[in-house]
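Subject: The structure, and what turned up in it

Hi there,

Here is the structure I promised to send over. Have a look at it first, and then read on for my notes.

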Amino acid sequence: MADNKAKRGGADRALIALTEKYEVAYWSKKFKVTPAKLKYAVKKVGHSARKVEEYIKLQKHRAADKSRIALGEAYEVRYWSKKFKITPAKLKAAVAAAGHSSKKVEAYLAAQKAAKKAKKAAKKTVKKTAKKMAKRKKAA
């Protein structure tokens with residue numbers, strides 16, 4: 001349905017006309033989404049600007065929640081423990097150290113693993129050096 005430019009009342013302001021490029025640009029900028037996401041939201045909930053805004057806020061909230069680890073929920077602890085291949089206790093310790101962001105926890109665990117690997121390599125080097133020293137003492 002084309003936008004009637006003669007009508008400028010509240011009813012027209014409350015609706016999003018996808019057929020008008022300037023309206024798509026305006027509402028996309030206002031809701032801070034791409035035109036494609038705006039069009040998808042309008043198809044999902046209708047042309048009401050209020051409903052579209054609520055839908056977009058809900059989607060942004062859900063997207064933010066997906067990347068956060070909620071230790072209060074048992075299913076979340078199981079999911080993230082399995083994903084990171086660690087025990088729930090280690091997951092809780094990692095969340096306490098790095099925060100609830102899954103990206104931060106993943107980076108923290110990677111750093112822990114790298115530190116453990118470096119420590120193991122250092123021990124191996126020390127052992128080799130000790131063996132060489134022992135052989136030299138026997139030979140002397």
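Which helix gives the largest share of the positive patch? That is helix H7 (residues 102-139), which supplies 6 residues. Before going further, please keep in mind that this is a predicted model.

**The positive patch**

The patch lies on the surface and is made up of Lys90, Lys116, Lys120, Lys124, Lys128, Lys132 and Arg136. To pick one of these, lysine 116 sits in helix H7. Its relative accessible area is 64%, so lysine 116 counts as exposed, the cut-off being over 50%.

**Salt bridges**

Side chains of opposite charge can pair when their charged atoms come close. How many salt bridges does a search of the whole structure find? The search gives 2.

One of them joins arginine 50 to glutamate 54, with 3.2 Å between the closest N and O atoms. Both residues belong to helix H4 (residues 49-66), and because they are 4 residues apart there, about one helical turn separates them. Glutamate 54 is partly exposed, at a relative accessible area of 45%.

The other pairs glutamate 53 with lysine 57, at 3.8 Å from N to O. Here too the partners are in helix H4, and their spacing of 4 residues means that about one helical turn lies between them. Is lysine 57 buried or exposed? With 53% relative accessibility, lysine 57 is exposed, while glutamate 53 is partly exposed at 31%.

**Aromatic rings**

A pair of aromatic rings is described by the distance of the centres and the angle of the planes. The structure contains 4 aromatic pairs. Among them is the pair of tyrosine 26 and tryptophan 27, which is edge-to-face, with the centres 5.0 Å apart and 75° between the planes. That angle counts as edge-to-face because it is over 60 degrees.

These two neighbours in the pair have their own surroundings: tryptophan 27 is buried, with a relative accessible area of 8%, whereas tyrosine 26 is partly exposed at 47%. Ring pairs also bring in Phe31, giving a cluster of Tyr26, Trp27 and Phe31.

**Serine 28**

Serine 28 is found in helix H2. With a relative accessibility of 6%, serine 28 is buried, since the cut-off is under 20%. If you would like a distance to check on screen, serine 28 and alanine 17 are 12 Å apart from C-alpha to C-alpha, with their positions 11 residues apart in sequence.

**Two lysines with positive phi**

Most residues other than glycine have a negative phi, and most peptide bonds are trans. Where in the chain is lysine 32, whose phi is near 55°? Lysine 32 is in the loop between helix H2 (21-31) and helix H3 (35-45). Lysine 32 is also exposed, with a relative accessible area of 71%.

Lysine 85 has a positive phi as well, of about 60°, although it is not a glycine. The loop that holds lysine 85 runs between helix H5 (74-84) and helix H6 (88-98). At 74% relative accessibility, lysine 85 is exposed.

Happy to go through any of this with you.

Best wishes

Technical notes
Residues numbered from 1 in each chain as written. Predicted model: local features only at pLDDT ≥ 70, side-chain atom pairs only at ≥ 80, totals over all residues. Heavy atoms only, no water. Salt bridge = Lys/Arg side-chain N within 4 Å of Asp/Glu carboxyl O. Buried < 20%, exposed > 50% of the residue type's maximum accessible area, 1.4 Å probe, protein only. Patch = residues over 30% accessible without salt bridge, like charges linked within 9 Å, V, L, I, M, F, W, Y side chains within 5 Å. Areas by Shrake-Rupley, 256 points an atom, 1.4 Å probe, with all protein chains shown as cover. Lys, Arg positive; Asp, Glu negative; His and termini not counted. Charge placed at Lys NZ, Arg CZ, Asp CG, Glu CD. Phe/Tyr/Trp six-rings, centres within 6.5 Å; stacked < 30°, edge-to-face > 60°.
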